[in-house]
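Here are my notes on this one, written as a short walk-through. Keep the viewer open and click on each residue as it comes up.

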Amino acid sequence: MTEFYTVKETKLFYTGAQYPPTYEIPRLAKYVRGKAIFDGRHVEMYDRASSLLKDTPFAPQLKTLFIAVNIMDVLLTKPADLMVGEAPTFESGSDPESVEQRALSRIVEENDITQTIHETTIGSGFRGDSFLKTYYAARADISETEQLGLKPPPTPLEPIIEAVDASIVFPELSRGSKKRFKAINIAWVEWEVEKSSAIMSFFSRIPTTETPYLNVERHVPGYIIYEKYRLYERGVDAEWGVPIPTYSIGEQVPTGRSEDRVETGTSRLLVHHIPYKTSDDDWRGISGVEKLESVLAAINDRLVQIDYILWKHSDPTAYGPDFEDSEGNVKFGGRYVPVTKDDVTPGYMTWDSQLEGAFKELDLLLGLVYQISETPQWLFGTTLASDKGGTGTSHTDAGAIKARFMPIISKVKRIRSHIDRAVRDALWSAMELENFANRNVDGFEAYEPTYPKITWRDGIPRDEKEAAEVANLRTGGKPTWSVTDAIKDLDGVDDTQAAELVRRIDEDEQRVSGTVDASIFNDPGGDA
């Protein structure tokens, strides 16, 4: 049954509330677990393997043999590589020399949008959510220069698009909706060093104290509202597997800003959500890690078990006649159990370790990871499990290669659908902010903000000859590309860069061919 929660307060953070909100703690804990798994710090999340033999004499060895497999790193990085391995192009729909296209190309270039897309794809992969923030400000942080009393260099204002840590973003849902936002809060804890009172300083011998404050940047349509609150430590919530500090929000204090309400000039929120995968009943994204946590734990358990068995077999206990050398040592590497000469011949004590079964289970678990991740094993150049998937090198034509890549291509397209919308919204908002901020500035060339189009590439090698032959057949030999479009597609450049290349080509042709009209040599009536 669907339930909606409303409060009398019109905002999420206020005096008397809790930070972070109780219902947001599971999401924040999921982020921490996903980051630990992506970084390969499984020991922080799973202690199953280290507890297998904790009550035996072999516990120290087992702890030493702990193995963490960071398989999720490559599984989450590969979709990002396919997403922007070949850089996408950004078009405004206007002429390449138009103000709109030049502004769009400038914003994309200065904010390194391609790299931002790559990073947010990976981030949303292990968290489930990523956020982009658009604002108009100086890119250089001159606070330290001013703090030192030095004269700061000129810092021009410009539209900035950057990723925001998803763990400090708290959306507010519209009434009756679980997908639409009425406001988005960026709220983070900042510890400030303050001087202790004379009495506290005398008894504690500590002249300063660290006081937590909550900085809130609340985005609503048309405005950004800044607030600051005193925080009081409340405790730690570890219900979801990781410790999440909680605070009680105290009295509101001055922010220290010159203006606490900033007009944006746009009806859109300037924080854009990028989920990894979504369903229709929740705005929170589904990461590529959360469905695999138990499988990854089992893989580490099997690897530890196999490693422990091999370690034990490397130096087994021997048995045989009771004899010693001249120095009183038995000529065996490990422990030796003496028996009488009439008992049995010397040998090694072995135990049924079920290694074959352990390896078979490991194969199955690895296969499940790749299957759930929609990623063929051979995509990485080799296979780990016996999944009979081949190596991916037996196909040479483009159609066969794409068919083999179909699972990962479908996954990348699904992820791209969310990124495409968020990046286009961010670029559109950046153009609106730039025009609004410079509406009364002399020398600024105003332009009409346009919703851009992104031309993506799938990252799969294309058979150019085959594509050209198909185009030739479909058009009856007519040209299907302009020179500008061909250069944009082949070289992965934008309209401005392609136009410059076309200009250089024309100059080369003019220099080589000259400017004389060749038709003068065809005049039949010329004088001898």
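**Notes from a first look**

1. Let's begin right after a helix: H1 is followed by Gly 40, whose phi is positive, near 80°. Helices here are DSSP runs of H or I with at least four residues, strands are runs of E with at least two, and both are numbered from the N terminus. A similar note goes for helix H13 (residues 483-491), where Gly 492, just after the helix, has a positive phi of about 65°.

2. Some housekeeping before going on. This is a predicted model, in which local features need pLDDT of at least 70 and side-chain atom pairs count only at pLDDT 80 or more, while totals for chains, interfaces and linings use all residues. Residues are numbered from 1 along each chain as its sequence is written, and side-chain values use heavy atoms, with hydrogens and water left out.

3. Now the overall picture. The protein has 14 helices and 15 strands, and 39% of its 528 residues are buried. Buried means under 20% relative accessible area, exposed means over 50%, and partly exposed is in between (1.4 Å probe, protein chains only). Among contacts with a separation of 6 or more, 67% are between residues 24 or more positions apart; a contact means heavy atoms within 4.5 Å.

4. Back to H1, which covers residues 25-38. Does its length add up, and what should you compare? The expected span is 1.5 Å times one less than the number of residues. For the 14 residues of H1 that should be 20 Å, and the end C-alpha atoms are 20 Å apart, so the two agree.

5. How many residues of H1 are buried? The count is 11 of 14, so this helix is mostly covered. Among the buried ones are Ile 25, Arg 27, Leu 28, Ala 29 and Tyr 31. Do notice that charged names such as Lys 30 and Arg 33 are on the buried list too.

6. Take a look at Glu 24, in the loop between strand S1 (18-19) and H1. Is Glu 24 buried or exposed? Glu 24 counts as buried because its relative accessibility is 1%. The side chain of Glu 24 makes a polar contact of 2.7 Å with the side chain of Arg 27. (A polar contact is a pair of N or O atoms within 3.5 Å; within protein, one must be able to donate a hydrogen and the other to accept it, and residues adjacent in sequence count only if both atoms are side-chain atoms.) Setting aside residues up to four places away in sequence, Glu 24 touches Phe 170, Pro 171, Trp 283 and Arg 284.

7. Follow that last name. Arg 284 sits in the loop between strand S11 (271-275) and helix H8 (293-313). With a relative accessible area of 23%, Arg 284 is partly exposed. Its side chain has a 3.0 Å polar contact with the side chain of Asp 282. Beyond four places in sequence, the contacts of Arg 284 include Tyr 23, Arg 27 and Lys 277. Asp 129 is another of them: it is 155 residues away along the chain, yet the two C-alpha atoms are separated by 6.8 Å.

8. Gln 18 is worth a click as well. This residue lies in strand S1 and, at 16% relative accessibility, counts as buried. Which side chains does Gln 18 reach by polar contacts? One is Thr 22, at 3.5 Å, and another is Arg 234, at 2.9 Å.

9. For contrast, try Glu 239, in the loop between strand S8 (223-237) and strand S9 (244-252). Glu 239 is exposed, with a relative accessible area of 63%. From Glu 239 to Ala 29 is 210 residues in sequence and 9.1 Å in space, C-alpha to C-alpha.

10. Finally, come back to H13. Ala 486, Ile 487 and Lys 488 are buried there. What do the buried residues of H13 pack against? They pack against strand S2 (89-91) and helix H14 (495-513).
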